[in-house]
Amino acid sequence: MPIHVGVALLVCLVSVFHGAKANGPLPDVHVHGVVRDSADRRPLAGATIRIHPGGKGAIADRDGVFHLHDVEEEPIRLAVSYVGYETRIVTIAGRGPDRRVEIVLARADREAKTVVVQADRESAGSPTQQVATVTQAEVDEHRGQTFADALRGVAGVTVLQTGPSIAKPMIHGMTGVRLVTLNAGVVQEGQQWGAEHAPEIDPFTPGRIQVVTGPASVLYGPNAIGGVISVEPRPLQPFAAGSGELSLNGFLNNRQGAVALWGEKGGLFGLPLAMRVQGSLRQAGDAATPDYILNNTGFQERNGAVDAVALIGDVRLAARASVFSTTLGIFSGAHIGTADDLRRAIERGRPRRTEDFSYDIARPRQEIQHTLTSLQIDGVVGDGILRATIGWQRNERAEFDAHNARIVGRGTDPVERARDSIARLERSLSTPAMELLLNTTSLDVRWEGDAASSLRFTMGLSGMHQANDRRGAVFIVPDYSAYGAGGYVMATHDLPSVTLSAGVRYDHRWLDASITRRNTRTVSEQERLFGNVSASIGALWRMAESWTLRTNVGTGWRPPQVNELYAADVHHGTALFEIGDSTLGREQSVGADATLGFQTTGVDASVTASLQTFDGFIQSLPDVANPTVTIRGTFPTFRYRQTNARIAALDARITVAASPWLSPYASLNIVRGTDVSLRQPLFLMPADRARVGAHIHFHDAWQIHDAFLDVSFLTVARQQRVVAGQDYAEPPPGYTTMDVRVGGTIHVASLDVRLTLDVQNMFDARFRDYLSRFRYFADDPGRNVILRATVPI
């Protein structure tokens, strides 16, 4: 759809809803505004605003903006609070039905800090780093989709897609083993090396997500070269009042249904003890492009979690146990018979034949279960807080092949031979081609405290042990044991207009792998040792009342992963044959970034420029001339290699509160990856993309309270920076899609039911994203209509 047509439609929709606003019934008083940090003026996403005393409340969104409708009390007094800040009681002056206010909160006196204050909601990055926050309200807008979908609106974040149900977040062209994902304070450890191995996180779990877009190796160790994604559950307080929530979702494209339920209660047995129990179910069938069905792309998912928090004197305990379980179908059109079939499939650009829609999940498929348990202990030690986090994770992954060798029955009697053949075939069909069982135990100890009124230190130690057990006929990942240990220290110095930070860390990794030779079945042991130093320096300059400048320089590194070293088989999830290189060394990175921010009443804007250089950048490249032919079919071949590389990125975003009801916004993401050694573009870098839209918020409309309309257009350019003939297919054309979301709250039987209707790709545009691993064979899914209902209980 041409962009000028989209803009015209946007203007029309704004006019229509502005008319609805003007003609709808007016509330008593609408109080709205923004909550900011008194020092650096940044918005405090997640701040709590309540009518004082004991009235209705609201949560500030990612821009610190809040709305309170139908306020009847006069004078109006608000209690505004945020973890780590002094609570303020604010009296709203003025008259009339619409009152706007800006509220600033000061950080709490560090001498009076408590365990409860420090235990929740601290920033995931250093004080000088740019940290994007996806608030609970924004996460709610994506409930029922993949975890990565909630991050699509964050500047610098794109998504690496493998079919409609598997998505991995990518920061500035880096994903998987170059990012650290924290799940309730524990580094998520699964088989994250796979392009189709998405984070095993229930999309209904997060209460808030923080994204650090830049090197964070000092605080989080190897693999945080590209950044950190911190997933935090809803906050749970020891004396929390009893509450809960029911979420119901319906998706049109793949006919998905999802339901989630959670409930919590504090003050159990009259003690400072709280518990939350939650569970979710999702089931979807085949997704559809505008022209055909993507067969065998359904999934089933069953998740559950239990959280508990207790106070024992000055010690806070937080325990969590969760299970994520899913069965995923892998697009059947990506598994090809012969080399000629592969060539014809890519040239054809669509499946040769498709079946009717189905909820059945056939082979190839994946069955995954991820179990996580953690215990977090916080206590006051000296002038600071000591935190110890113990984690245990078990990741079970089974991949089922789409093809089998011909099985011949045994015996001399033809009937018995046929029966034996059928029985052996049934056993073969129920046996995974590969099973991976990964157990991870981790311990992290961190102390944060004051050395002086303006000087803070953070120091810590971490340890990890992993054991991977491989079974089956596929040899993409060997059996191995891995150990890791590290220590770090970071200092932060606050001056009147500048905050400085510096840190250093050392890590060591041991890897002991048992390599099985496919042809001879002989086993050989290989031990690899890696160690290195990471460091960072940064500054936050509050240039003027509304302007800030953040600059950071950091080094990081990571050891090669087991699949990069030893892969030598079909990876069924991506339908690729991967070949590792056992001689690979460590990957070293030096990065710098600068973020210029402008925040004032009604305007929030930032521009971030970053540059990272890599010595020994590890990448998987297509071997176009040599597709691999196996008894299970023919697959594109990819080989791992190292090179020197450079990745530069530019992110820009702006939101303008043009009026109390209209907030236009826009964002731009540009990434440039270069293979410095070969003087050519890096493979599989995200194409340039921009989003423009408007969020329309009005009081009441047709008995819907707190109603809103959000309209946006996403434009993605064709990736022009490629090496001719390097890939199996040329990059797909660019595309533009339109998304529309409307919602609000209705009162049903004394309950405030939140409803949203989300239409993605409204005009059913046909497109393929360059980052889709199935773009060789099929289009991306078309229009999707999503209905969500959230009911407090």
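Visitor: In this predicted model, which residue does the side chain of Arg152 meet in a salt bridge?
Guide: The partner has to offer a carboxyl oxygen within 4 Å of a side-chain nitrogen of the arginine, and here the N to O distance is 2.6 Å. The partner's relative accessible area is 10%, under the 20% limit, so the partner counts as buried. The residue that meets Arg152 is Asp149.

Visitor: Is Arg152 itself buried, partly exposed or exposed?
Guide: The relative accessible area of Arg152 is 43%. Because buried requires a value under 20% and exposed a value over 50%, this residue belongs to the class in between. Arg152 is therefore partly exposed.

Visitor: How far apart are the closest N and O atoms in the salt bridge of Arg509 with Asp507?
Guide: Both ends of this salt bridge are buried, since Arg509 has a relative accessible area of 19% and Asp507 has 0%, and the limit for that class is under 20%. A salt bridge requires the nitrogen to be within 4 Å of the carboxyl oxygen. For Arg509 and Asp507 the closest N and O atoms are apart by 4.0 Å.

Visitor: How many residues apart in sequence are the parts that Asp727 and Arg775 tie together?
Guide: The side chains of Asp727 and Arg775 meet in a salt bridge with an N to O distance of 2.4 Å, and both residues are buried. Asp727 belongs to the loop between strand S41 (704-716) and strand S42 (735-748), whereas Arg775 belongs to the loop between strand S43 (751-760) and strand S44 (784-792). The pair therefore links parts whose separation in sequence, in residues, is 48.

Visitor: Which residues are joined into one network by salt bridges that share partners?
Guide: The count of salt bridges comes to 31, and some of these share partners. The network that results is made of Arg178, Arg558, Glu564 and Glu587.

Visitor: Which strands stand at the edges of the open sheet with the order S4-S1-S7?
Guide: This sheet has three strands with mixed pairing, and its neighbouring strands are turned by 20° against each other on average, direction ignored. An edge strand has a single partner strand, so one of its sides is left without a neighbour in the sheet. The strands in that position are S4 (65-68) and S7 (98-105).

Visitor: Which residue in S4 stands opposite His32?
Guide: Strand S1 (residues 30-37) pairs with S4 over four bridges, in the antiparallel sense. Within S4, the residue opposite His32 is His67.

Visitor: In the open sheet with the order S9-S10-S11, which residue of S11 is the bridge partner of Ile171?
Guide: The three strands of this sheet have antiparallel pairing, and the edges are strand S9 (157-161) and strand S11 (174-175), each of which pairs on one side only. Strand S10 (residues 167-171) is joined to S11 by two bridges. The bridge partner of Ile171 in S11 is Met174.

Visitor: Which residue takes a positive phi in the hairpin of S21 and S22?
Guide: Strand S21 (residues 299-312) and strand S22 (residues 315-329) run antiparallel and are joined by 14 bridges, with Gly304 having Val323 as its bridge partner in S22. The hairpin has two residues between the strands, and the phi in question is near 65°. The residue that takes this phi is Gly313.

Visitor: Over how many bridges do S22 and S23 pair?
Guide: Strand S23 covers residues 365-381 and pairs with S22 in the antiparallel sense. In S23, Ile368 is the bridge partner of Thr326. The number of bridges over which S22 and S23 pair is 15.

Visitor: What area does the nonpolar surface patch that includes Val533 have?
Guide: Val533 lies in strand S29 (residues 523-541). Because membership of a patch requires over 30% relative accessible area, Val533 at 40%, which is partly exposed, passes that limit. Together with Met459, Val489, Val504 and Tyr506, it makes a patch of about 380 Å².

Visitor: What share of the accessible surface of the protein belongs to carbon and sulfur atoms?
Guide: The protein has seven helices and 44 strands, and buried residues make up 54% of its 793 residues. Its accessible surface comes to about 32,300 Å², and the share of carbon and sulfur atoms is 58%.

Key. Residues numbered from 1 in each chain as written. Predicted model: local features only at pLDDT ≥ 70, side-chain atom pairs only at ≥ 80, totals over all residues. Heavy atoms only, no water. Pairing = 2+ DSSP bridges. Buried < 20%, exposed > 50% of the residue type's maximum accessible area, 1.4 Å probe, protein only. Areas by Shrake-Rupley, 256 points an atom, 1.4 Å probe, with all protein chains shown as cover. Patch = residues over 30% accessible without salt bridge, like charges linked within 9 Å, V, L, I, M, F, W, Y side chains within 5 Å. Axes fitted to C-alpha atoms, helices over the stretch in contact; angles between N-to-C directions.
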